There are 4 protein chains.
Amino acid sequence: MIIQLEKDISGHLKDEVLQNINNIGYKTMEVSTQFSDYLVSVGKKEFDIRKIGNLPGVRDVHRVSDAYKLVSRKWKVQPTEIDLGDGVKIFRGGMALMAGPCSIEGEGQVEKTVEHLLKNNIKIMRGGVYKPRSSPYSFRGLGMDGLKMWHSACRPHNIKIITEVMDAEQIEAMYDYVDIYQVGARNAQNFTLLDGLGKVDKPVLLKRGMSGTLDELLQAAEYVFSNGNEKIILCERGIRTYEKAYRNTLDLNAIPILKDKTHLPVVVDPSHGIGLRKYVAPMALAGVMSGADGLLLEVHHEPEKAASDGQQTLDFAEAERLYAKVEKAMGLR
Amino acid sequence: MIIQLEKDISGHLKDEVLQNINNIGYKTMEVSTQFSDYLVSVGKKEFDIRKIGNLPGVRDVHRVSDAYKLVSRKWKVQPTEIDLGDGVKIFRGGMALMAGPCSIEGEGQVEKTVEHLLKNNIKIMRGGVYKPRSSPYSFRGLGMDGLKMWHSACRPHNIKIITEVMDAEQIEAMYDYVDIYQVGARNAQNFTLLDGLGKVDKPVLLKRGMSGTLDELLQAAEYVFSNGNEKIILCERGIRTYEKAYRNTLDLNAIPILKDKTHLPVVVDPSHGIGLRKYVAPMALAGVMSGADGLLLEVHHEPEKAASDGQQTLDFAEAERLYAKVEKAMGLR
Amino acid sequence: MIIQLEKDISGHLKDEVLQNINNIGYKTMEVSTQFSDYLVSVGKKEFDIRKIGNLPGVRDVHRVSDAYKLVSRKWKVQPTEIDLGDGVKIFRGGMALMAGPCSIEGEGQVEKTVEHLLKNNIKIMRGGVYKPRSSPYSFRGLGMDGLKMWHSACRPHNIKIITEVMDAEQIEAMYDYVDIYQVGARNAQNFTLLDGLGKVDKPVLLKRGMSGTLDELLQAAEYVFSNGNEKIILCERGIRTYEKAYRNTLDLNAIPILKDKTHLPVVVDPSHGIGLRKYVAPMALAGVMSGADGLLLEVHHEPEKAASDGQQTLDFAEAERLYAKVEKAMGLR
Amino acid sequence: MIIQLEKDISGHLKDEVLQNINNIGYKTMEVSTQFSDYLVSVGKKEFDIRKIGNLPGVRDVHRVSDAYKLVSRKWKVQPTEIDLGDGVKIFRGGMALMAGPCSIEGEGQVEKTVEHLLKNNIKIMRGGVYKPRSSPYSFRGLGMDGLKMWHSACRPHNIKIITEVMDAEQIEAMYDYVDIYQVGARNAQNFTLLDGLGKVDKPVLLKRGMSGTLDELLQAAEYVFSNGNEKIILCERGIRTYEKAYRNTLDLNAIPILKDKTHLPVVVDPSHGIGLRKYVAPMALAGVMSGADGLLLEVHHEPEKAASDGQQTLDFAEAERLYAKVEKAMGLR
């Protein structure tokens, strides 16, 4: 049950609402976000929700049967729009392109990428400065120095930055330099990190876990929201199956279903999703037609020389052909 | 190694070719199809294939490293076109729509479906008369009587019939009434059935197994081809994963990869693939953009009353909106 | 609902029972097996089963909520014992060892194996004469000639034969030479084959499908039983997962659960299950402790030279060490 | 390549070794653990390792082709023994029982559990004070206060504590109160946490990820080891598959294979593994026979009233019957 309180509810009235819910036998969590205050009450007993809805100071009450509550579309039908400033938005029905390398490697690479983005009117650059790597002996990214350099290159052009945050301790240091915090598949259920990202007011993109269910993804989003941050984007990036003909199994079934279940925007990462360069474009277009609100794409001026994961990375020319097709496909939806 | 012989090669020359291959230590299978004669030789030794290529009576020799040989695009780059007669074709780059109910239920239903297909200029009708059912107590289809009735209704309109064959013994009886034999996911490795379908000259559509790999699907096709039938269509229909938010996980990654690996046409079944009616349309469109050469769609005049599996079946109005979108999407590829 | 009729029920009384069930709105299938006659009625309406139970000629009535009925332990608590004759039985709480090569190769091999079995007091020999192979170019077994030769070698010693049957057409020809028909993982939902095996009176061993659920395995058994054959053995043989460190994922969780759900005996095939020779013994022992009523083991006098799948095959010395451990482990259960 | 240096190697000689490796084109990481100093060099070029082995100050050189190096048994054949003090050890060929509740709930519960452990001569108590929960609205454990209370109850009896650590920031605060840090399945690739646990000198138990490969588990261990901590235990706890008859698929195949690949001890968690109380005992025994060096078991004085996950928890009487069987089974290995 989600209870929206009046903006100016008195402490006294609020206590009375809490008392009433408590009497029913429900546990309540108070949630304050950038946008509103909520009470989320969880319990099993059946009762007439008008008993709460009619209390003074209560604006609205919704019963939500899903395990996730605040991110459910059963409660909030109106889609959530993510505003990154300077007119850059991620929203339902739109197509937010986020392109860039797997890893930020150096100034030259960043400049070339920024140029490519400007040329193609792309407003969001992706890239990694902290890289989760299976092996401790692999390159793990340029870290904060890389992020600052990258930020300096993007800011003059109002290009927004999305990059992975790997643990709660990094959140604060990264804050001034990122526009969207990305949570990777391996951290999809790192609850300390999710709690921490609920306490900042910048957008968070949550990737589905390696073998994450849609329900788990939505509950991860619930962690962020219930800690106070409503600016959440969900991302399908491929799941782990028995099939070894490709790196992951990009699961486009997730797109229409997630969009049915939640008011949050949903994007697709076809690069990691299929993991093979020559198939990224058809999967990206398939993602668009399945209803994605954005795409995360790996591009590099010289994919063969990329510091990491070049095998799924498009070169600039391939990317441009894809952007053009995406734009056309948008006309069809 | 695939060896194409001259059409009019003498028995003597052919024996000499076989002897030469044998001397290298390769085993050879002779394959005669509707279209040509081949020798498929399997072995491990490295040697100069010109030793065989230069023999009299040999038209061409190809080394194929894949486990499947005759269906590989490494050997035959030119796509295989499936000609159903009356101008109906399934081919690479086309969009063969195959629509109809899960089960053939009776004359009224068939007539309504035929009318719907004619109205929408769809040339192939799908439907089941032998239904593979997990439980022995479920409806198992109308059998041959249903097939004959269905055939009578379609023939006057030149509508082609695709339906599932469940074992080798049924092939002959069904022959006069089907245009495409469909092999279901549960029979994806029923090798007796595949052998049998290799011995007829009608097209065969092979569905990927429940948890079939692309390699297994291609080897199933190799069974059909190597028994003498080149008219094969591959079909992605969803795989089994841990996720239970949908019935199967339609795996569109398969489409661009299969089209890269084989010269056979590749189609998608989004109805069984995601298994939930309201998400069939986006997945169908995603399938088109991933490169599919056709779609298998479940439609019914009254899905709620369908004899089987109505939960994934479109009604005629939904289907028509989808056809229109598919046509537009084709303009983008 | 399963209704057991009195042995000598008159046609008139039986019709009356059928009429009564029909009046409730249930559909009924009459099942006659080697051992008894049953009516299996399927429907959704709630009603007092005593209404049927009290009818003249009815011995007993059971409500079974599972999708499978006749194989459910909710109905028949007493375990099913499979009697192969000559004192050889497969039964709950026992340990039926079934050992032999992947493929029957020739007389020398069969004789050596028989000798090994006799020495170790093993009563059932496994082996393949029809081999399901992913590739049409692989060795597909010696067929009926091999089976007859094998049978001649085993009969004088009362060694029982278990071997795979690949389609319904083979059942009759194999009948005189097999003691247990084995259905392989690839045919786990070949319903024509299952129907056919329900019509003979010899035992059937059903392997779980590649990605078969326990429910599907039990329903496959229901096909055999409801066609008239109660002599069924279930076999766990490894499922398909994302993990590639071993060939299949032997799923021992299936053993205690299947034994809880059904009255049929349940055995384990650790050889195919893990697919790697040096790990077969620990998995076999783990299978014993998980509650298996038998083991299928691949043994060969020279595994390195086996015609197929030698990589998971024990040599005689390894096998003997394992038999001794299995015997000890049985003392612990 | 792993290079073990002489204990007293001079800085000059060490630099020379590093220079030599660098000249070959290999990158080197210096690793100092509780027990020794190592150089781990990673590169692709083939060369004669004696070139390094013969340098002054080098004790030994090993080529390790696995992606993991220091945890590989290709390098260190002698098994790693985990000494928890007071004579409590986890080691290859042993059977370390670790029993206790899912969540620490309060003093009464802890006292009852300690009594149960003492009675059964079990030296290690498991329990959660930080609980990873899919939903933010679930009970998340008693935290540090609970841990301290628990520790006070265990210390007088020399009972060792294993409990989950959820992020790197918790490591220091928990240090004085835990004997083994447990890393849960959801954090199996939380590299910040793994790095942090490499910097303490207390043992770490790593659970396999939800859909983690054996290779990933071993590389997670490599993170801990290469950061300086050799005291690592691996734990199989069930993987995610398509099958829904049980909570997870306990994958016992992992046990013999891991023990072949690494010198670290390997334990099994059958409680989470199968997730259903009545099947825990057979799976535990199966785990013992597959070669496990220890078991993690959920026990509670009143499982039906447990704060979390009671459905897989044994009561004390069930647990005692299991301990007795485990002991007998150990006699068989």
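Start by selecting Ala286(B): of the residues of chain B, its C-alpha comes closest to the rotation axis, at 2.0 Å. What you have open is a predicted model, where local features need pLDDT of at least 70, side-chain atom pairs count only at pLDDT 80 or more, and totals for chains, interfaces and linings use all residues. To find your way around, note that residues are numbered from 1 along each chain as its sequence is written, while chains are lettered from A and ligands numbered from 1 in the order in which they are written.

**Stop one: chains A and B**

Now show chains A and B together. A rotation of 180°, with 0.0 Å of shift along its axis, puts chain B on chain A with an RMSD of 0.0 Å. (Copies are superposed by least squares on the C-alpha atoms of residues with pLDDT of at least 70 in both.) The same surface serves both copies, as 100% of the contact residues of chain B recur in chain A.

Next, colour the contacts. You'll find 29 residues of chain B touching 29 residues of chain A, where a contact means that the C-beta atoms of two residues, placed from the backbone, lie within 7 Å. Pick out α8 (254–261), α10 (277–290) and α11 (316–330) of chain B: each gives at least two residues to the side that touches chain A. Helices here are DSSP runs (H or I, at least four residues), numbered from the N terminus. Which helix gives the most to this side of chain B? That's α10(B), with seven residues.

Try colouring by class too. This side of chain B splits into 18 nonpolar, seven polar and four charged residues. Ala, Val, Leu, Ile, Met, Phe, Trp, Tyr, Cys and Pro count as nonpolar, Asp, Glu, Lys and Arg as charged, and the others, Gly among them, as polar.

**Stop two: chains C and D**

Hide that pair and bring up chains C and D. A turn of 180° and a shift of 0.0 Å along the axis lay chain D on chain C, with an RMSD of 0.1 Å. That is the relation of a two-fold axis. Click on Ala286(D), whose C-alpha is the nearest to the axis in chain D, 2.0 Å away.

Here 29 residues of chain D contact 29 residues of chain C. On chain D, α10(D) brings the largest share of the touching side, six residues.
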